[in-house]
Amino acid sequence: MTSSDPETDAGPGPDFPDAEGRGAAGPGANLPALRGHNAALVLGLLRSAGEEGVSRLELAAHTGLTPQAVSKITARLRAEGLAAEAGRRASTGGKPRTVLRLVPGARHAIGLHLDRDELTAVLADLAGDAVAERRAPLAFEAAAAQVLATVEREVAALRAEAGGPPVVGAGVACPGPLDHTAGVLHRVTGAPQWDGFPLRDALAERLGLPVVLDKDTNAAALGLAQRPPDGAGSFAYLHLGTGLGAGLVLGGGLHRGPRTGAGEFGHQILQLDGPRCGCGQHGCVEALCLAAVARGDLPGAARVLGVAAANLVELLDIDRVLLGGRTVLENPDGFLTGVADVLAAQARTRGRTGTAVPVSLAVGGARAVADGAAQLVLAPLFGPGNPGLAARGHRPGAG
Ligand SMILES: [Zn+2]
């Protein structure tokens, strides 16, 4: 993974646009290319070290790079304004070490959550923290041109409000199914007119930015996976809003499947002769759950969600279940209790008393998907699946 080859190490880092926007991939590009894998690793460690910072020697120890190579990379990151000195720290038996930290405000990324009736747009810094947010009504099931115009208007307003540094790109999260790699929507339940629409490229052209498209559930799960140590291990993010889906993080990495087909959690069939679902089948979890919500039977909805979650736990042996989405957030305690009860009953059935898979609310609340959408652009800049210092049980400065 890492290399000590000086030519590789001295190479340019992630392709961040500079203040004039140079270096950004053109509209329609998938992402700013990672020109330097090792620079991305260094950036990832700087990010996870936070305000406390990390020394060059620690960076070398954790990347396997030579101190000389680390110095070249950090010099370039400082020249681009991405890293700065964070003071000096006494070290055992040696001279004080200069520590470096990420400059989170050096660049921004846009995260867009296209829900069926609302657009949430955030401007996030390099640490993934939102520095500005806008919400606007959106008719996702209306004509594409109308949706694109709303997104363009809101992004322009967001950037005008926030001003500030260059934007590296926009992550767009919307209901699936869709093809993340091609950036094309498929037959979205309730909005079949999007089938085959190249939303990523259309938005890249409108916004003049690189755009990454993914399902709302995947974006949220990716965002949650960036928070070590919570991001370590395996979890399912279950999103119950106007629909029901899942984002799966397995072994620390987001699992999309080769066709972005993973996580179609809402359309597993629980009742063969059940009510018709918007997808055309009968007895899907989504149909059963939303029907229970519609008739005011929240314990029933929570129980259906719990049974489906228990199936997922049985199938994937995940470490925990996270709940989110508007319908859950309207009654978080009811859903948490209902799902936990089913998981506990399942654990007892399997003879695992006291070891039920824990369930909790996903952090981020109503903004979890938009925050995660920004991570579609940000996360790759910090190394593939970068676990960070904290996830390794190491705190810089502790030794
Ligand atoms: Zn269905």
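Here is a short student–tutor chat about a predicted model.

Student: Before I trust anything, what pLDDT does the protein average?
Tutor: Start with the weak spots: over residues 18–34 the pLDDT is below 50, though the stretch has 42 contacts in the model beyond near neighbours in sequence. Residues 386–399 also stay under 50. Still, 85% of the residues score at least 70, and the protein averages a pLDDT of 86.

Student: Okay, and what share of the residues count as buried?
Tutor: For context, the protein has 13 helices and 15 strands. Among its contacts between residues at least 6 apart in sequence, 63% join residues at least 24 apart. Of the 399 residues, the share that counts as buried is 46%.

Student: Let's zoom in on helix H11. How many Å does H11 reach from its first C-alpha to its last?
Tutor: H11 runs over residues 332–349, so the count is 18 residues, and at 1.5 Å a residue you'd expect 26 Å. The model comes close to that expected value, with a reach of 26 Å.

Student: Why do the buried residues of H11 sit on the same side?
Tutor: The residues in question are Phe335, Gly338, Val339, Val342 and Leu343. An α-helix has 3.6 residues a turn, so residues three or four places apart point the same way. In H11 the buried residues share a side because the arc they cover around the axis is only 125°.

Student: Which elements cover those buried residues of H11?
Tutor: There are helices and strands among them. The cover includes helix H9 (298–316), helix H10 (326–330), strand S14 (320–324) and strand S15 (359–361).

Student: Now backbone oddities. Which peptide bond is cis, with omega near 5°?
Tutor: Look in the loop between strand S7 (167–174) and strand S8 (178–179), which is the place of Pro177. The cis bond leads into that proline, from Gly176 to Pro177.

Student: Thr260 has a positive phi without being glycine. Is Thr260 buried or exposed?
Tutor: Thr260, with phi near 55°, is in the loop between strand S13 (253–254) and helix H8 (285–294). The cut-off for buried is 20 or more C-beta neighbours within 10 Å. Thr260 has 21, so Thr260 counts as buried.

Student: And Asp317, buried or exposed?
Tutor: Asp317 isn't a glycine either, and has a positive phi of about 55°. Its place is in the loop between H9 and S14. Exposed means 12 or fewer neighbours; Asp317 has 10 inside 10 Å, so Asp317 counts as exposed.

Technical notes
Residues are numbered from 1 along each chain as its sequence is written. This is a predicted model: local features need pLDDT of at least 70, side-chain atom pairs count only at pLDDT 80 or more; totals for chains, interfaces and linings use all residues. Helices (H or I, at least four residues) and strands (E, at least two) are DSSP runs, numbered from the N terminus. The arc is that of the directions from the helix axis to the C-beta atoms. Two residues are in contact if their C-beta atoms, placed from the backbone, lie within 7 Å. pLDDT is the predictor's confidence in each residue, from 0 to 100.
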